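Hi,

Here is the structure I promised to pass on. Have a look at it first, and then read on for what turned up.

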Amino acid sequence: MNYKIIDFHTHPYFDEKTNICRYKEFTFSPDVYKKQLQSLGIEKICGSVLAPMKKISCWEDVQQLNDTAQKLKEELGDFYIVGNQIHPHYVKESVATIDGMRKRGELLIGELVPSALGFSYADEGLNDILSSANGMVFSFHSTVGGEEQHMAIERLVARYKDVTFVAAHPGETDFVEMHLARMQKYDNYYLDVSGTGLFRQGMLSHVINKVGSERILFGSDFPTCTPNMFVGGVVNDYLISDKDKENVLYNNAKRLLKL
């Protein structure tokens, strides 16, 4: 059975400055990696631009990432759904970014990665930003350390019910159970399968058995990870139904992003 796929979690790159692949000798230009991803059945990719090893020191650094994302949109066309970066140290500028998103019909914030952008989920600025983000989809790096970070995430999810939070990466068992607990408490909490976790036998089936398949999104974290493994990890999972696969691979992202 052939499946349509939306890769909810990628970090597309335009050049070496925005290519976060660890093995750059095996990466390609946007037109080439578009064809490679399409050959796997991926019809669209979503996500933000990051810069490897670049310290964010001012809003202009963040804006440059968003400008590159818009440039990639011109290059990749409808294949790419832009993920925008915001930053809690720059509230006014971040709110203006969300206003611009609304005008362009864009819904996706992130994936935000605190270690790459230099912020904490406990930063007060996130409250001011998310209070203006109703109706938006907020993708965030979830496998962070420290109780303070996880308490801050929980507060944000509970407070901003009109924002859809998508946790990037299931992680290992403790993280998976944390995601499940949040999904059972909050209808606005979703999980994408990128990164660690999917390769563990039964993980995806375990989550679906607990909360259903309607809030799980396919993601690969390309080009950090190879999409081949993640496509196979869902498509070839004999423990879940064809309908569950369709939800994870395509239907949920289509609904969430109003495609």
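Let's begin with helix α8, residues 203–211, whose buried residues are M203, L204, S205, V207, I208 and V211. Keep in mind throughout that this is a predicted model. Several elements help to cover that buried set, including α7 (173–185), β8 (216–217), α9 (227–235) and α10 (242–256). Right after α8 comes G212, which has a positive phi, near 85°.

I208 is a handy residue to click on in α8. It counts as buried because its relative accessibility is 9%, and the cut-off for buried is under 20%. Leaving out residues up to four places away in sequence, I208 touches S213, I216, I240 and D244. If you want a distance to try in your viewer, the C-alpha atoms of I208 and K254 are separated by 19 Å, with the two residues 46 apart along the chain.

Now for the other helix I looked at, α1, which runs over residues 30–38 and has P30, Y33 and L37 as its buried residues. Those three sit on the same side of α1, because they cover an arc of only 70° around the axis. As a general rule, an α-helix has 3.6 residues a turn, so residues three or four places apart point the same way. What do the buried residues of α1 pack against? They pack against β2 (42–47), α2 and α9.

One residue of strand β2 deserves its own stop: I42. With a relative accessible area of 1%, I42 is buried. Its contacts, setting aside neighbours within four places in sequence, are I5, D7, L37, F79 and P227. L37 is also among the buried residues of α1. As for D7, its C-alpha atom is 6.5 Å from that of I42, although 35 residues separate the two along the chain.

On to the nonpolar core. In soluble globular proteins, nonpolar side chains tend to be buried together. Here the largest nonpolar core has 80 residues, and F8, I109, F138, F165 and F218 have the most contacts inside it. Helix α2 (residues 59–76) gives the largest share of this core, six residues. Take F218 as an example: beyond residues up to four places away in sequence, it touches I5, I6, D7, F8, H9, V193, F230, V231, V234, V248 and L249. I5 and D7 turn up among the contacts of I42 as well.

Next, the empty space. The largest pocket holds about 580 Å³. Its lining has 26 residues, and R22, L50, V113, S115 and A116 lie nearest the centre. By class, that lining divides into twelve nonpolar, eight polar and six charged residues. Which helix gives the largest share of the pocket lining? That is α4 (residues 114–117), with four residues.

There is also one cavity of 30 Å³ or more in the whole structure, and its space comes to about 30 Å³. L50, A51, K54, I56, L65, A116 and L117 line this cavity. Six of the lining residues are nonpolar, none is polar and one is charged. You will recognise L50 and A116 from the pocket, where they are among the residues nearest the centre.

Last, a few backbone oddities. Most residues other than glycine have a negative phi, and most peptide bonds are trans. Here are the spots to check:

- G110 and E111 are joined by a cis peptide bond, with omega about 15°; E111 belongs to strand β4 (residues 108–112).
- F222 to P223 is a cis peptide bond too, with omega near 5°. P223 is in the loop between β8 and α9.
- D221 has a positive phi, near 65°, without being a glycine. D221 is also placed in the loop between β8 and α9.
- K258, in the segment after α10, has a phi near 55°, again positive in a residue other than glycine.

Are D221 and K258 buried or exposed? D221 counts as buried, because its relative accessibility is 9%. K258 counts as exposed, because its relative accessibility is 66%.

Over to you, and enjoy looking around!

Terms used
Residues are numbered from 1 along each chain as its sequence is written. Side-chain values use heavy atoms; hydrogens and water are left out. On a 1 Å grid over the protein atoms alone, a cavity is a set of points where a 1.4 Å probe fits but cannot get out, and a pocket is an open set with protein on both sides within 12 Å along at least five of seven lines; lining residues have an atom within 4 Å of a point. Grid points are joined across faces, edges and corners, and a volume is the space filled by probe spheres set on the points. Ala, Val, Leu, Ile, Met, Phe, Trp, Tyr, Cys and Pro count as nonpolar, Asp, Glu, Lys and Arg as charged, and the others, Gly among them, as polar. Buried means under 20% relative accessible area, exposed over 50%, partly exposed in between (1.4 Å probe, protein chains only). Helices (H or I, at least four residues) and strands (E, at least two) are DSSP runs, numbered from the N terminus. Contact means heavy atoms within 4.5 Å. A nonpolar core is a set of buried Ala, Val, Leu, Ile, Met, Phe, Trp, Tyr and Cys residues joined through side-chain atoms within 4.5 Å. The arc is that of the directions from the helix axis to the C-beta atoms.
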